[in-house]
Amino acid sequence: MNNNEKEKSISVAEILETSSKQKNFNKRKKIIIRISTFAIITLISLLSLFFTSSLESLLNFDFFANSAITKNDSKIHFIDVGEGDCTVIEFIDGKVMMIDCGPKEKWNKINTYFEFLEIPKRIDYFILTHTDKDHIGNAEKLLENYDVKNLYLPKVYSNYEVSNNLATNKNYKVYDNIVWNNFCYKARTILKPQQINYINDFISIENIGENEELDNSYSVYIFPPSKDYYEEDNDYSPFIWVKLGYHQTLLTGDAGKDSELEFINTYKTLVEDKTIFNIETLKVGHHGSKNSSSLEFLQKISPRFCVVSCGKNNSYGHPANDTINNIKQVKSSIKIYRTDINNSIMCVNSYKGGLPSLVVKYDYENFDNVYIKLYYVVLNIILIAFLLLIVPLFKDIKKFNIKQKNKV
């Protein structure tokens, strides 16, 4: 072989080697790009789960926020917190009342609700009806994250208050529970003593405007349970009468049938005078349990609307068929709204064109459903990305290994 032939042979070998290096480089680049793309898609998809609250505003709360509601309307919000209770009242003067705050796992829902409906994160009147977790689960977080002005508690002490000589009424019940204990500790730490009130007597919260019949006025009456001690925690639930302009709402917490009868007998004159006590909306007691909403009580109250706060497909069977039947027996025209069907419910009290009106609005999408749907969407996106970007790499790696063996 002459020198020219050797040079040509070397040149071809160099070209082949360079070409092989370029191919390997391109393959590595392809692998890096595919893996990086998959990693980015996976990261963005997983992060979206943490921002579900923001996503929900596009699917859910804009229905409320963009509806024809003025800032001057007073509103009662029955927030869908699953199998629990959370009611928020926006008064005409801008003050806010919250009655119970749902189970702990619904904190994100409540916080998002406030954000997108632009409700001030200032609770002027925070009422806890009793100590069940589905009613007080977010109480500690509310104290930490919201500006609570006044707190109203059932006649129940915690171990913290007893051990620190803060339990001044020896007749009150002491509830040994970590959630209640932590909340009471937080309340005593953050709030001043004069901000903490026990529902042991009739409480009146009123704002009388120029014309007490119009919606520039409101009244809230809190009727306490008659006894200081009950074995059943639900019996501590007060009856809360709310009047916004013309419209009246009655909320009963988890009060049972005995408490209902106690209320209508104790305040018989008030209840029977329909010029004073003319209930339009009844917040049905104890999530529609068969142990509440007796026929006698419902006949005395005779509301136009009923609101039931309960979880979808809950294990308790709420609302009970007995309760629904009792409501329909009183008046077949009574409209029943349920958070397990209608999701969050908002009653808007308006006074337009010289006439009062009560507008009932409700969500068209449930927050939990949004999260579950997004969860499955994210899994599908990651799976598709894996099949399109990563699986083909296994084939390339397999081919590469075969070639390496053949070279050997």
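**Exercise 1. Is R304 buried, partly exposed or exposed, and what is its relative accessibility?**

Solution. The structure is a predicted model.

Step 1. The relative accessibility of R304 is 47%. Residues under 20% are classed as buried and those over 50% as exposed, with partly exposed in between. R304 therefore counts as partly exposed.

Step 2. R304 forms a salt bridge with E280, and the closest N and O atoms of this pair are 1.9 Å apart. The two residues belong to distant parts of the chain, 24 residues apart: R304 is in the loop between α10 (295-301) and β16 (305-308), while E280 is in the loop between α9 (268-272) and β15 (281-283).

Step 3. With a relative accessibility of 9%, E280 counts as buried.

**Exercise 2. Determine which parts of the chain the salt bridge between K186 and E144 joins.**

Solution.

Step 1. The closest N and O atoms of K186 and E144 are 3.1 Å apart. The cut-off for a salt bridge is within 4 Å, so the pair qualifies.

Step 2. K186 is part of helix α7 (residues 178-190) and E144 is part of helix α5 (residues 139-145), so the bridge ties together parts that are 42 residues apart in sequence.

Step 3. K186 counts as buried at 18% relative accessibility, whereas E144, at 43%, counts as partly exposed.

Step 4. Another salt bridge connects the side chains of K149 and D147, with 2.9 Å from N to O. K149 is partly exposed at 32%, and D147 is likewise partly exposed at 35%. The count of salt bridges comes to 11.

**Exercise 3. Describe the backbone at N165, H286 and P319.**

Solution.

Step 1. N165 is not a glycine, yet its phi is positive, at about 55 degrees. N165 is found in the loop between α6 (159-163) and β9 (173-175). Its relative accessible area of 71% makes N165 exposed.

Step 2. H286, also a residue other than glycine, has a positive phi near 50 degrees. H286 sits in the loop between β15 and α10. In contrast to the exposed N165, H286 is buried, with a relative accessible area of 16%.

Step 3. The peptide bond from H318 to P319 is cis, its omega being near -5 degrees. P319 is located in the loop between β16 and α11 (321-330).

**Exercise 4. Characterise the chain as a whole, and state where its coordinates call for caution.**

Solution.

Step 1. The chain contains 13 helices and 19 strands. Of its 408 residues, 48% are buried.

Step 2. Consider contacts between residues at least 6 apart in sequence: 68% of them join residues at least 24 apart.

Step 3. The chain exposes about 21100 Å², of which carbon and sulfur atoms supply 54%. L383, F386, L387 and F394 form a nonpolar surface patch with about 390 Å² of accessible area together. F394 belongs to helix α13 (residues 367-407).

Step 4. The structure holds zero disulfides. As for individual cysteines, C306 is buried with a relative accessible area of 0%, and C347 is buried with 6%.

Step 5. The mean pLDDT of the chain is 83, and 77% of the residues reach 70 or more. Over residues 56-60, pLDDT stays under 50, and the model has 14 contacts beyond four places in sequence for this stretch. Predicted coordinates should not be read in detail where pLDDT is low.

Methods:
Residues are numbered from 1 along each chain as its sequence is written. This is a predicted model: local features need pLDDT of at least 70, side-chain atom pairs count only at pLDDT 80 or more; totals for chains, interfaces and linings use all residues. Side-chain values use heavy atoms; hydrogens and water are left out. Helices (H or I, at least four residues) and strands (E, at least two) are DSSP runs, numbered from the N terminus. Buried means under 20% relative accessible area, exposed over 50%, partly exposed in between (1.4 Å probe, protein chains only). Patches are made of residues with over 30% relative accessible area and no salt bridge: like charges are joined within 9 Å, nonpolar side chains (Val, Leu, Ile, Met, Phe, Trp, Tyr) within 5 Å. Accessible areas come from the Shrake-Rupley method with a 1.4 Å probe; for residues, only the protein chains shown count as cover. pLDDT is the predictor's confidence in each residue, from 0 to 100. Contact means heavy atoms within 4.5 Å. A disulfide is a pair of cysteine sulfur atoms within 2.5 Å.
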